[in-house]
Amino acid sequence: MNEILHGADGTSIKCGVIGEIGCSWPLTESERKVLQATAHTQAQLGCPVIIHPGRHPTAPFQIIRILQEAGADISKTVMSHLDRTILDKKELLEFAQLGCYLEYDLFGTELLHYQLGPDIDMPDDNKRIKRVRLLVEEGYEDGILIAHDIHTKTRLMKYGGHGYSHILTNVVPKMLLRGITENVLDKILIENPKQWLTFK
């Protein structure tokens with residue numbers, strides 16, 4: 001709360017988001033406490049929250065349940081990394097009903113072998129676009145976010161990666177070809193992030 005209200009690390013620069021709250025699978029007792037503290041803080045300040053779920057399809061469900069029970073505003077909460085977490089369509093649509101933001105944020109990551117979860121068949125960008133289109137078709141366009149999750153040098157163009165322009169240069173044109181309209185893309189790229197990042 002102090003970092004949001006007054007500033008972080010002894011500065012006057014205030015944090016605008018709680019997170020990314022890292023969770024593993026199975027969830028540890030310490031992680032459960034952090035989620036509860038996050039919910040209490042969010043309930044008081046109305047701030048946005050973003051969650052990194054454990055690598056298991058039921059992890060996002062468990063996390064949302066804990067946040068709800070502790071009083072969080074799920075409509076101001078992002079569940080990230082859904083591309084590598086909830087792979088089943090039925091489960092994804094069931095999760096979407098819970099009302100948090102649904103983030104597909106590994107655009108540009110296309111792997112045969114996912115070292116952090118070898119049993120996970122990491123989707124490519126074409127499959128990510130199909131999932132986003134499915135969510136749009138099912139009426140969840142107001143709750144979709146997308147990103148790159150660039151966190152290593154090899155993801156930067158200087159080192160041979162797609163770089164920060166990948167979504168706008170490569171993904172958006174493909175989304176348009178696959179029937180996602182400009183109005184929906186404006187929601188996903190502009191309006192949804194703006195709504196999430198605004199304090200209530």
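**Figure 1. Ile-51 of strand 2 is the bridge partner of Ile-21 in this predicted model****.** Strand 1, residues 18-22, and strand 2 run parallel to each other and are joined by three bridges. Between strand 1 and strand 2 the chain passes through helix 2, residues 29-45, in a β-α-β crossover that is right-handed. Strand 2 comprises residues 49-52 and is covered on both faces. Val-49 and Ile-51 are buried on one side, and Ile-50 and His-52 are buried on the other.

**Figure 2. Thr-77 of strand 3 is the bridge partner of Val-49****.** The pairing of strand 2 with strand 3, residues 77-79, is parallel and also rests on three bridges. Here the connection from strand 2 to strand 3 is made through helix 3, residues 59-69, and this β-α-β crossover is right-handed. Val-49 belongs to the side of strand 2 that also carries Ile-51, and both residues are buried.

**Figure 3. The surroundings of Gly-108 include two histidines and two arginines****.** Gly-108 is placed in the loop that links strand 4, residues 101-104, to helix 5, residues 125-137. With a relative accessibility of 10%, Gly-108 counts as buried, because the limit for a buried residue is under 20%. Beyond residues up to four places away in sequence, Gly-108 touches Asp-125, Arg-128, Arg-155, His-162 and His-166. For one of these contacts, that with His-162, the separation in sequence is 54 residues, while the C-alpha atoms of the two residues are 6.3 Å apart.

**Figure 4. Asn-192 of helix 7 is a buried residue****.** Helix 7 covers residues 182-197. The relative accessibility of Asn-192 is 3%, so this residue counts as buried. When neighbours within four places in sequence are left aside, the contacts of Asn-192 include Glu-141, Asp-142, Gly-143, Ile-144 and Leu-145. Tyr-101 and Lys-187 are also in contact with Asn-192.

**Figure 5. Cysteine residues are shown in a structure without disulfides****.** A disulfide is a covalent bond between the sulfur atoms of two cysteines. A search of the whole structure finds zero such bonds. Cys-15 takes part in no disulfide, and the nearest cysteine sulfur, belonging to Cys-47, is 9.9 Å away. Cys-15 has a relative accessibility of 25% and therefore counts as partly exposed. For Cys-100, the closest cysteine sulfur is that of Cys-23, at 13 Å, which is too far for a bond. Cys-100 has 5% relative accessibility and so counts as buried.

**Figure 6. The protein as a whole provides the setting for the close-up views.** The protein contains seven helices and five strands. Their order from the N terminus is α-β-α-β-α-β-α-β-α-β-α-α. The C-alpha trace spans about 45 × 35 × 35 Å along its principal axes. The radius of gyration is 17 Å, in agreement with the value near 16 Å for a compact globule with 200 residues. Of the 200 residues, 46% count as buried. The exposed area is about 10,700 Å², of which carbon and sulfur atoms supply 52%. Among contacts between residues at least 6 apart in sequence, 66% join residues at least 24 apart.

Conventions
Residues are numbered from 1 along each chain as its sequence is written. This is a predicted model: local features need pLDDT of at least 70, side-chain atom pairs count only at pLDDT 80 or more; totals for chains, interfaces and linings use all residues. Side-chain values use heavy atoms; hydrogens and water are left out. Buried means under 20% relative accessible area, exposed over 50%, partly exposed in between (1.4 Å probe, protein chains only). Helices (H or I, at least four residues) and strands (E, at least two) are DSSP runs, numbered from the N terminus. Two strands pair if DSSP finds at least two bridges between them. A crossover is right-handed if, with the strands pointing away from the viewer, the path from the first strand over the helix to the second runs clockwise. The radius of gyration is taken over C-alpha atoms; the globule rule is 2.2 Å times the number of residues to the power 0.38. Contact means heavy atoms within 4.5 Å. Accessible areas come from the Shrake-Rupley method with a 1.4 Å probe; for residues, only the protein chains shown count as cover. A disulfide is a pair of cysteine sulfur atoms within 2.5 Å.
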